[in-house]
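Here is a short walk through a structure, with something to select at each stop. Open your viewer and follow along.

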Amino acid sequence: LGSFLIRILYIIMQGGNLEDKLIEDELLYWTWSLKGAYTLDGEISKNVLTERMPGAFYYYQFLISLTANKINYILYIQALLDSTTCFVMAKCVSKFYPEEFLKVYIFAAVSPLMIIMCSQTLAETLFLFFFTFFIFFTVCTFYSKKIILNLFLAGSFLGLTTFVKTITYPLIILLFFPIAIILVIKNHNKLKITLSMFLFLTAAFLPISERLINNIKIHETLSLTSQLGTHLAYWVTPAVICYTKDVNRHRAVEIINDEVKNQGSFKNDAYKDSKLLTKTAFSILKDISYLDLTYLWVRASLLNIISPPILLDKNVRKLPHPSFYSVSEPLKWIKKLFFTKDYHYYLLIVLTASISSVFILLSLLLGPIELYKKNKFIFTVSISYVLFFCIITGPVLSPKYIIAILPCLFLFQAITLSKLISLKKFFQ
């Protein structure tokens, strides 16, 4: 109830006429949903629809019909969904650390990132809702004898998660053998394991099967969307070029477009164009040293985790501040905040919100160490889980990109808080 009330209050604080305040991807999800994206009578071009998965659009179309197009009510329902996510995150942890249940729930309930995301018409809240249930049933598989039911449900929610965002698509295959091996080590019946893994794969592929089969038949690709090329060429590669060549984003994109011309030409086919952009991105990235690439990936991961999510608040974004992508280097951006008078109010908010970053940074160090001492299995799974999403995201900067690893971060924070409390008692 507490997490729900916090979210409702935040939505109310955004004021009225919320539909007029939609920006960027929010506007895309809202307008596409209103135009019946991915439905038989939809108004969006099929070539454009290849960029996204249908899940979030079906979700908003359902809510639009349910609420008679009242965006405030839609966000209130989304707040309820997000509140459920908070509880399920805590239940996940209670399976192996029951003493951390309340702390994880509180960290999730007051999470600025979750609160801000659920107040916007984006895919993140629905994605996290499905993904958290996937984690819950996967954890239940390892701490219960009902492996068939739990793995079927885990696969179902992983499929639904991928139906919303393709970032979890590789996990369907990547998790197959690790889960099977763990079940063998735990001495489960071999027939049960075989049936469970079959149901896991079937349930995971079912929500995305129509898109996948069509793409294989028509476009000869295993990709679910045509977004990979755009992401690599116009988000990942520019971040690398900005650092290695010391140029701004505009110049980096010009360099990429010149290379695109060298690699071929656009075919007005979303998937073929995506392949061209992917090829272009890799042709540039292959010349970058592994040391530079590692540094950029690690830097982005840390900055995304410790950056204050309040920067995503639309009222904060309205304040005068330098465009990060016009500067590209974090230190240069920070210098502009300090040395430009018009940006000082924005700077004050950043500095105030960054106080919590100290604890978050400490939890990244202390959390895994304490977790390793307590449970090496959970430690290994947690670190692998965080690394997967950090590698997939790449050097792209924004606090919203850590949405998938929030359950793990809250676990680290809960363990860190428990350790600090025990140290305080020790020194008293």
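## First stop: a buried pair

Select lysine 314 and glutamate 26: both of these residues are buried. The model you are looking at is predicted. Show the two side chains as sticks, and you will find a salt bridge between lysine 314 and glutamate 26, with 2.9 Å between the closest N and O atoms. This pair ties together distant parts of the chain, since lysine 314 belongs to helix α18 (residues 314–317) and glutamate 26 to helix α2 (residues 24–34), with their positions 288 residues apart in sequence.

## Zoom out: the whole protein

Now switch to a cartoon view. You will see 24 helices and zero strands. How does the radius of gyration compare with that of a compact globule? For 428 residues such a globule would have a value near 22 Å, and the protein has 22 Å, so the two agree. Along the principal axes, the C-alpha trace spans about 60 × 55 × 55 Å.

Colour by burial next: 51% of the 428 residues are buried. If you draw the contacts between residues at least 6 apart in sequence, 72% of them join residues at least 24 apart.

Turn on the surface as well. The protein exposes about 21300 Å², and carbon and sulfur atoms supply 67% of that area. For a charge view, pick out the 41 positive and 26 negative side chains; the centres of these two sets lie 9 Å apart.

## More salt bridges

Side chains of opposite charge can pair when their charged atoms come close. In this model the count comes to 12 salt bridges.

Select aspartate 246 and lysine 332 to see one of them, with an N to O distance of 2.9 Å. Here too the pair links distant parts of the chain: aspartate 246 sits in the loop between α14 (227–245) and α15 (249–263), while lysine 332 is in helix α20 (residues 330–339), 86 residues apart. Aspartate 246 counts as exposed because its relative accessibility is 52%, and lysine 332 is partly exposed at 39%.

Move on to lysine 103 and glutamate 100. Their salt bridge has its closest N and O atoms 3.6 Å apart. Is each partner buried or partly exposed? Lysine 103 is partly exposed, with a relative accessible area of 21%, whereas glutamate 100 is buried at 1%. The cut-off for buried is under 20%, so the 21% of lysine 103 puts this residue in the partly exposed class. Add Lys374 to your selection, and you have a network of salt bridges linking Glu100, Lys103 and Lys374.

## A histidine in a loop

Where is histidine 188 found? Look in the loop between α11 (176–185) and α12 (190–205). Histidine 188 has a relative accessible area of 15% and is therefore buried. Leaving out residues up to four places away in sequence, histidine 188 touches Ser144, Lys145, Ile147, Leu183 and Ile193.

## Last stop: a phenylalanine

Finish in helix α8 (residues 124–142), where you can select phenylalanine 129. Its relative accessible area is 14%, so phenylalanine 129 is buried. Which residues does phenylalanine 129 touch, not counting those up to four places away in sequence? They are Leu81, Thr84 and Thr85. For a final distance, draw a line from phenylalanine 129 to serine 83: C-alpha to C-alpha they are 9.2 Å apart in space, and 46 residues apart in sequence.

Note on methods
Residues are numbered from 1 along each chain as its sequence is written. This is a predicted model: local features need pLDDT of at least 70, side-chain atom pairs count only at pLDDT 80 or more; totals for chains, interfaces and linings use all residues. Side-chain values use heavy atoms; hydrogens and water are left out. Helices (H or I, at least four residues) and strands (E, at least two) are DSSP runs, numbered from the N terminus. The radius of gyration is taken over C-alpha atoms; the globule rule is 2.2 Å times the number of residues to the power 0.38. Buried means under 20% relative accessible area, exposed over 50%, partly exposed in between (1.4 Å probe, protein chains only). Contact means heavy atoms within 4.5 Å. Accessible areas come from the Shrake-Rupley method with a 1.4 Å probe; for residues, only the protein chains shown count as cover. Lys and Arg count as positive and Asp and Glu as negative; His and the chain ends are not counted. The place of a charge is taken as NZ of Lys, CZ of Arg, CG of Asp or CD of Glu. A salt bridge is a side-chain nitrogen of Lys or Arg within 4 Å of a carboxyl oxygen of Asp or Glu.
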